[in-house]
Structure formats: structure tokens, C-alpha cells
Amino acid sequence: MDTDGTHETRPGHTGHIPRPAAPPPPGLPPKPTHAPSAGPTLGDWLRFPRSPDGPGVWTYGHVPRAAEEPEETPTRQLISGALISLLAGLLLWSLLWNGYLGGFWLWPLYMFTPDSWAGTLPSVVASYVWYAVVATILVIGFGRLGRWPELGRRALRSRAARPLRSAGPAGPVAGGPDDPARWPQLRDVGMGEAADRLEGEAGGGRMNDVDYARIRRAWDSVRVDPSRMRAFGDAVRDKGAGACVHPSGARDLPVRAARHDLLARQVLLGTVEDGVRNPYARRGTGFALDPDVLGTSLLAVGPSGSGKTRRLVRPVVESLALQALAGQAAVVAVGAAGTQLGPDDAYDVVVRIGDPASVYDLDLYGGATDPDEAATLLAEAFVGDVPGMDVRRAATALAQLLGPFRAAYGRFPAVPELRELLDQVPAAFEALRRDLGPVGGGQQAMLRELDARTRQHGAHGDPGPALADRVALLDRPAFAGFFDTTGQGRPFSLRALEHPLRVRVDLPERGHADASRILARLLLAQFNASVAARSDRSLFAFLALDDASRTLTAETVRGVQRLRSAHAGVLLTLRTLDDVPEALRTPLLGAVGCRMAFSGVTTWDGKRFAEAWGTEWVETRDVTHRTVFADQPLTRAMHAFRKLVTGKAVTTDAVTVRQVERERWSASDLAHSVPPGHAVLSLTSVRGERAAPLLVRLAEGGSGPTA
């Protein structure tokens, strides 16, 4: 067990692998400090069959099931019927053998054996043959009557089910032409030497699952641009499994808290409950998430302590961090300082807002160079949650200051400078006017912007004071040195999401809750704008917001809905839907494709989910019990004796079957019927495939180190 209580077993790198004490030697994956436990080798992991069967299905070793549950007689009923038929058969055989029913059953024996055989060996043999024939007829007859064959098949199937389920469907043969461990895609284009090198690396234990996924991703890019083939081949021959490594040089995470399948880009979250509330085809199957469903964005609601961070956010962020190392994704995780989102070594950039020891800063303007775009992002962050505030007017007011400032100094203002301009400090305004130059010096448009801001300041409906109050929350001594625009720091901008980055932003939630909400809104608005403006959308971009309370605005909700076309998605967690403005609750549930309700949600939140999930047609059976009144004295006596023995009157049942429309999950069911450690969630893929709401038993996630 690692120091943080986390276990892991991974293909090509099995056993308990804690955070390494020193960097691994070049060309080798991180060296474990514990003896490896039994686990699949990389080749076995690659060859293990995977069966896609709809969104959310853990494909590793999955065996598809029938869509409908077959109608089977209960095993108890089969056993009782078999015993009754066996006893009846034995009784009949005893009656025949002892002559209580006469000797008619021996007539065929007497008819077909001559009298001269009496007392001879042939007569004895013929008699026993006939006894065997009669016994066989009785066994067949009473066996069919008692359904012995079905009972035998069920017993054999239950005994063989476990090894068959573990074996699963057949996969590629080791060493065969389609063995993925032999890199057939490289051999098909004449790169046998590179394929042999990679096969040797995998066989020698020098390649892990991240290496395989990364090199395969690099090969896919080579297929798109064949001019890179020579460089790819040289890198593989020189570095083997270390070819095409991530810019950080990392080839794995220091610790894993969940089970991942990088070949299918999935992370296992739990198991679908084997109960009547779930479709038969999904019962007992593994439940997983991948970019195909995360691309429609996910909203998770549950009270504190329900496991949103440990069982959902941490595994999803970890999966995308592994994919970033493989060159397939870029992930940004945002949470309060101290949230268990993984160790610092698992990220390329860690921004600790308010911590003087933070190496990285946050770009307040999101890498924007256009004043109007920067003003729009800031307006969403500063006053997007203020009731009755016109965000467009606030953006205009900010643009009237950002444009002239950038024209005068070639940069946007820092937080103290922006606050002075919004407060109309005379010295700040005069200095800006002076640095813009005299009238007629080529900056007339910018001077007009300043004049307009001066005229609007203090007027009815002016957003300036509200903006100044919000900017003042960031102009605190704790944030001194942050949000620098002079180029002296190392600001992180979400414009960098065109690269496979792993980023974590720690918000000062404990001491500066309002400032943290502003920064969360800013990051969400910047993410929506940045991923839509990417020229290269081959990487899946993802933002995980561990607490989205008071973060969503009307514009950001619309932006979330547009993310699926930009090959991006967000994960939003809430303690309750009451943390979202009432006017945005229904649009939010409609904007995301994946909805998740944890155990313990209120009936008010459950009502919103029930409306979003809609209704379905179900078959109901109404059973009416009617007392039987007998007319005959003997029948009445039998009924009286039965009532005396059972304590119940003799009744007949009238069954009415009908189709009715009911909610998939009612508000009461979500509030009171979801066990602890479980969640109900529905999925939608970017291709439009849907998975009905499923009751899932979530896996226990490990809690990795915070530093």
C-alpha cells in the first residue's frame, strides 16, 4: 500500500507503484519499490478482447447480454417439480414391481419369448432387458414431466458461468498477424525494424500502457502526415518505448487511484447494479467514462460527503492526465486548495492562487489580445451572477478602459490599475490620457472611449461601481504579485490547450470565497472561449470544476452546450441545484448530455432530474383476490379445513396486465431509494447514443497526496 492508501495494478507495470523518490533512468518507466503482484503483461492486456456495447460500458472483457431478460422458471419451482416427478416415478415402479397393478406390463415379454426359454439364461437376460426398457420409459416420461433436462442444464450453466465469464470472448492470438503487441500497422508499411524494437521493449517489460498509447497516437499523426514517417522511425529505433515522449518527460503518473484502459481511453467508475431498476442488458456490467461521453459534458449533484470528488472527479481527471501523457488530451482541474485531485507531480502546471510559493500565475485575460474579447470574459466573471446586471453593458464599460490602456502601454492593466480606472481616480485617468498622446496624435478613438467612460460614470445603471467592487475582491494583499501583466511572472493561459497539458488550479476558497467564485467563473468563461478558438482540435480538451456553486451564468451555460462540436467538455459538480440561479436550472440540465445524481439528493433536486429523464412505458399487473364461496357441503368442508391450516380463506386471483407511462426515476426514488455509495446517471455520446438512467455502485476511489 502506498503512503496515501492507494493501490494500483497496471498492464506492463504491475504491482504497488508509489510516488518515486527519484526520477527514473532515461528510457525506462518508473521503477516500483515494492515486489510486483500478479497482473496482466502488456501483451496480454493488449490482446484481451474489448466489446463496445453502448455508451458507458467498460469494454475490457465485456460480454454482451440479451436486451430482454429470458423468461425462466424459478429454480426452486424446477427442483420441487423434479422431486415430485421422481417420487411419482418411484411409486409407480414400486407398484409395478410388487404386482399391485397386475402383470399387464410383462405381457410383451411373455409374447416375444418362447416357452422353451423358461428357467434358462436367455430368459433371465430378456427379463432384465425388458425391465430396463420399462425403467427407461418411466425415466423419460417422468423426466419430461418434471423438466429434469432443464434443471440439469441450469446446474451445469451455473457451474460453468464463472470460468466462462472470466475467459470472455476470444482475442487476437499471441504472435499472430493481428497481435497488437507486434505492431502490425508498422510492419504493413515496411517498418519491420521499428516494430521489432517496440515488440522487444514490450516483451522485456520496458513499455507500459501509456507508452503504447502515446506511440500509437504518434503513428496516427504519421499516417495523416507521411512526411513525419522518417523522424518517427528514427525516434523509435533510438529510444524504443521512450520515443515521442511527453514534453515533461513523464511516462506515467506517480500514483493511480482508479482502473484505466488507455486502449479504449476509459476509466472504470463502478458496476451497474444487478436489479430490476436497470435494463437487463446492463445489469452487472462495468461502468466507465471516456471522451466520447465526456464530450457532451457532465453535471453531478450530491451533498457533501457523497463522493463526488473521490469517486468521480479524481478518476476522470486522472484518466485525462494519462491521456495527456499519451498526447491525446489536455485537462484543467479546478478546485479549492487542499482538494484531493492528485499530487503536484501528476501535473505540468500547478497554479496556487494566493500562495506566494506558487511557481505559476493565472492570466486574468486568458491570453486575449483584443480588448473587446478580454472585456467580455471579465464581465462574465465579475458581474455575470449579479441579478439584473446587463453583462453586455459591463463588457462595454471594461472595453472603454482596456482598449486605451493597451494602446498606451502595450498590455492590459493589472488588478490595482484596473480598480483605479473603474473608480475614476483622477491621477490614473490623467496619466492614461497623457500617455495616449495629444489630441490629433492618432489615438482619437481611444480618447473618445475614455471620454465616454467619464460621461457614463455615476449615471443611472452604470456598471462601473459594481465592477469596481468585484475587482476589489482580487485587489487584496493575499493576491499581491498575482495576475501580473508586465511579463515578470509565469502566467498560465487557457490558450495553451492546443498542447497536451495537465493543469491544476487551486482556489483560495477558505479565506477568499467570493474571489474564488469570480476566478471559477473566469476560468469557465475562458475555457469556453479558448477551445472554440483552437485551430487544432485533435486534442480532447476538458475542464473539471470540482465545485461549480455560484459559477454558472446564462452565457457560460450556452457555451457548455457548444463544447461538443469543439471536441471539448466540462465536468461540473454541485451540492444542490439551488446553487444555480433558478432561471438556469432547466437550461443547465438541457445543456449537458450526462447527468448524475448521487445518494442523498433532496426531493427538489430529484424533481429536476426526473423531469430531465422523462417517462417510459412499463407493463403493470394488477392482481385482484376474490374469496371463493362453495355450494357443496364437501367443498365447504375442504375450504374450512384449508382455512384452519393456512389461516387464509380460499381465493381466486384475477390478473390485469396493462401498459402505463411512468417516470424513469421519481423525485422520491432519487431522494430515498439510492443507497450510499451509489448514483443514478444517464449518458449521451457525441454521436447521439444514449444510455437510460442507471443505478451504479461506485468504486471506492483512493485519495492521493495533495502535495
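A salt bridge here is a side-chain nitrogen of Lys or Arg within 4 Å of a carboxyl oxygen of Asp or Glu. With that in hand, let's work through some exercises on this predicted model.

**Exercise 1. A pair inside one helix**

Task: Decide whether R237 and D234 are buried, partly exposed or exposed, and find how far apart their closest N and O atoms are.

Solution:
- Start with the distance: the closest N and O atoms of R237 and D234 are 2.4 Å apart, and the two residues form a salt bridge.
- Next, place the pair. Both residues belong to helix α9, and three residues separate them, about one turn of the helix.
- Recall the helix geometry: an α-helix has 3.6 residues a turn, so residues three or four places apart point the same way.
- Finally, check the exposure. Partly exposed covers the range between 20% and 50% relative accessible area. R237 has 32% relative accessibility, so it counts as partly exposed. D234, with 31%, is partly exposed too.

**Exercise 2. A pair across the sequence**

Task: Work out which parts of the chain are tied together by the salt bridge between D179 and R47.

Solution:
- First, look at the contact itself: D179 and R47 form a salt bridge, with their closest N and O atoms 3.0 Å apart.
- Now locate each partner. D179 lies in the loop between α5 (148-167) and α6 (184-187), whereas R47 is in helix α1 (residues 42-47), so the pair ties together parts that are 132 residues apart in sequence.
- Then ask about cover: D179 and R47 are both buried.
- For the wider setting, the structure holds 43 salt bridges. R182, R187, D196 and E199 are linked in a network of them.

**Exercise 3. A helix under cover**

Task: Compare the span of helix α18 with the expected value, and state how many of its residues are buried.

Solution:
- Helix α18 runs over residues 513-532, which gives 20 residues.
- From its first C-alpha to its last, α18 reaches 29 Å, close to the 28 Å expected at 1.5 Å a residue.
- As for cover, 16 of the 20 residues in α18 are buried, and the helix is mostly covered.
- One salt bridge to inspect is that of E509 with R517, at 2.9 Å from N to O. R517 counts as buried because its relative accessibility is 4%, while E509, at 24%, is partly exposed.

**Exercise 4. Unusual backbone angles**

Task: Find where C244 and R265 sit, and say what sign their phi angles have.

Solution:
- Begin with the usual case: most residues other than glycine have a negative phi.
- C244 is not a glycine, yet its phi is positive, about 55°. Its place is the loop between α9 (229-239) and β1 (259-261).
- R265, also not a glycine, has a positive phi of about 60°. You will find R265 in the loop between β1 and β2 (266-272).
- On exposure, C244 is partly exposed at 31% relative accessible area, and R265 is partly exposed at 22%.

**Exercise 5. The surface and the whole chain**

Task: Identify the residues that form a nonpolar patch on the surface, then set the patch beside the totals for the chain.

Solution:
- The patch consists of Y100, L101, F104, W107, Y110, M111 and F112, with about 950 Å² of accessible area together.
- Take Y100 from this group: it lies in the loop between α2 (75-97) and α3 (107-112). Its relative accessibility is 63%, so Y100 counts as exposed.
- The protein chain as a whole has about 34,500 Å² of accessible surface, and 56% of that belongs to carbon and sulfur atoms.
- Of its 707 residues, 46% are buried.

Notes. Residues numbered from 1 in each chain as written. Predicted model: local features only at pLDDT ≥ 70, side-chain atom pairs only at ≥ 80, totals over all residues. Heavy atoms only, no water. Helix = DSSP H or I, 4+ residues; strand = E, 2+ residues; numbered from the N terminus. Buried < 20%, exposed > 50% of the residue type's maximum accessible area, 1.4 Å probe, protein only. Areas by Shrake-Rupley, 256 points an atom, 1.4 Å probe, with all protein chains shown as cover. Patch = residues over 30% accessible without salt bridge, like charges linked within 9 Å, V, L, I, M, F, W, Y side chains within 5 Å. Expected span 1.5 Å × (residues − 1).
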